[in-house]
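Have the model open in your viewer and keep the sequence beside it. We'll begin at the bound molecule and work outwards from there.

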Amino acid sequence: MKFKENCIFCKIANKRIPAEIIEETEDFVVIKDINPIAPIHLLIISKSHYDSVLDVECKDGADKSGITADNGDMEGRFGRELFGILTSLAKKFNVEDKGFRTVINTKEDGGQTVNHLHVHFLAGRGFGWPPG
Ligand code: 5GP
Ligand code: ZN
């Protein structure tokens with residue numbers, strides 16, 4: 001598990017600062033976005049610090065931070081939990097029928113503003129395509 005000082009999402013995900021936790025697994029917490037752009041706007045935040053999705057490397061259960069050494073069996077858990085959370089949130093927020101959008105903004109062109117891995121879960125209205 002990697003913790004980066006002065007990273008707001010590290011602090012939230014590891015409960016150094018309080019936040020309403022919507023859902024929690026071994027590797028993730030889900031919170032409400034502070035500046036929602038949809039009726040339902042949640043952030044799925046990894047507990048371990050990754051600057052972006054590009055830093056996550058799940059080969060044989062390992063990642064660059066050596067999380068396997070600390071956590072034992074990481075094999076497939078990261079991805080399994082992330083996909084599991086999507087279904088769980090869809091049920092919890094009653095959007096299984098209407099659907100939702102997930103977004104991982106990455107670096108400059110992706111519009112990433114917080115450099116700690118997070119997935120946006122957006123629902124409660126329709127979203128255009130292509131995105132702006
Ligand atoms: P990004 O632009 O990196 O894809 O998304 C960052 C998101 O984090 C933004 O939607 C922003 O509103 C949200 N955010 C930034 N700081 C905080 C915070 O301290 N608490 C919460 N709940 N959301 C935050
Ligand atoms: Zn962080």
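Ligand 1 sits among Ile 8, Ile 31, Lys 32, Asp 33, Ile 34, Asn 35, Leu 43, Asn 105, Gly 111, Gln 112, Thr 113 and Val 114; a residue is listed here if its C-beta atom, placed from the backbone, lies within 6 Å of the molecule. By character, that shell splits into five nonpolar residues, five polar ones and two charged ones. For that sorting, Ala, Val, Leu, Ile, Met, Phe, Trp, Tyr, Cys and Pro are nonpolar, Asp, Glu, Lys and Arg are charged, and the others, Gly among them, are polar.

A word on what you're looking at: this is a predicted model, in which local features need pLDDT of at least 70 and side-chain atom pairs count only at pLDDT 80 or more, while totals for chains, interfaces and linings use all residues. Residues are numbered from 1 along each chain as its sequence is written, and chains are lettered from A and ligands numbered from 1 in the order in which they are written.

Now for the overall layout. The protein chain has four helices and five strands, and from the N terminus they come in the order α-β-β-β-α-α-β-α-β. Helices here are DSSP runs of H or I with at least four residues, strands are runs of E with at least two, and both are numbered from the N terminus.

The five strands make an open sheet in the order S1-S2-S3-S5-S4, with antiparallel pairing. Strand S1 (23–24) and S4 are at the edges with a single partner strand each, so one side of each has no neighbour in the sheet. Two strands count as paired if DSSP finds at least two bridges between them.

Let's walk across that sheet, starting at S1. A hairpin of three residues links S1 to S2, and two bridges hold S1 against strand S2 (residues 28–32) in antiparallel fashion. Here Glu 23 faces Val 30 in S2. Next, S2 and S3 run antiparallel and are joined by five bridges. Two of the residue pairs to find are Val 29 with Ile 45 in S3 and Ile 31 with Leu 43 in S3. You have met Ile 31 and Leu 43 already, since both belong to the surroundings of ligand 1.

Strand S3 (residues 40–46) is then tied by six bridges to strand S5 (residues 118–123), again antiparallel. Leu 42 is found opposite Phe 121 in S5. S3 is mostly covered, with five of its seven residues buried. Buried means that 20 or more other C-beta atoms, placed from the backbone, lie within 10 Å of the residue's own; 12 or fewer makes a residue exposed, and anything in between is partly exposed. At the far side of S5, three bridges join it to strand S4 (residues 101–103), also antiparallel, and Arg 101 has Leu 122 in S5 as its bridge partner.

What lies across the sheet? Helix H3 (residues 77–92) does, spanning S1, S2, S3, S4 and S5 and running at about 35° to S2; axes are lines fitted to C-alpha atoms, for helices over the stretch in contact, and angles run from 0 to 180 degrees between N-to-C directions.

Phe 121, in strand S5, is a good residue to zoom in on. Why does Phe 121 count as buried? Because 24 other C-beta atoms lie within 10 Å. Leaving aside neighbours within four places in sequence, Phe 121 touches Leu 42, Ile 44, Leu 89, Phe 100 and Thr 102, where contact means C-beta atoms, placed from the backbone, within 7 Å. The C-alpha atoms of Phe 121 and Leu 86 are separated by 7.9 Å, although these residues are 35 apart along the chain.

Across the chain as a whole, 53% of the contacts between residues at least 6 apart in sequence join residues at least 24 apart. Buried residues account for 20% of the 132 in the protein chain.

Finally, a few backbone details. Asn 6, in the segment before helix H1 (8–13), has a positive phi of about 65° although it is not a glycine. With 6 C-beta neighbours inside 10 Å, Asn 6 is classed as exposed. Asn 94, in the loop between H3 and S4, also has a positive phi, near 55°, and is exposed with 11 other C-beta atoms within 10 Å. Past S5 comes Pro 130, joined to Trp 129 by a cis peptide bond with omega about 0°.

Terms used. Two residues are in contact if their C-beta atoms, placed from the backbone, lie within 7 Å.
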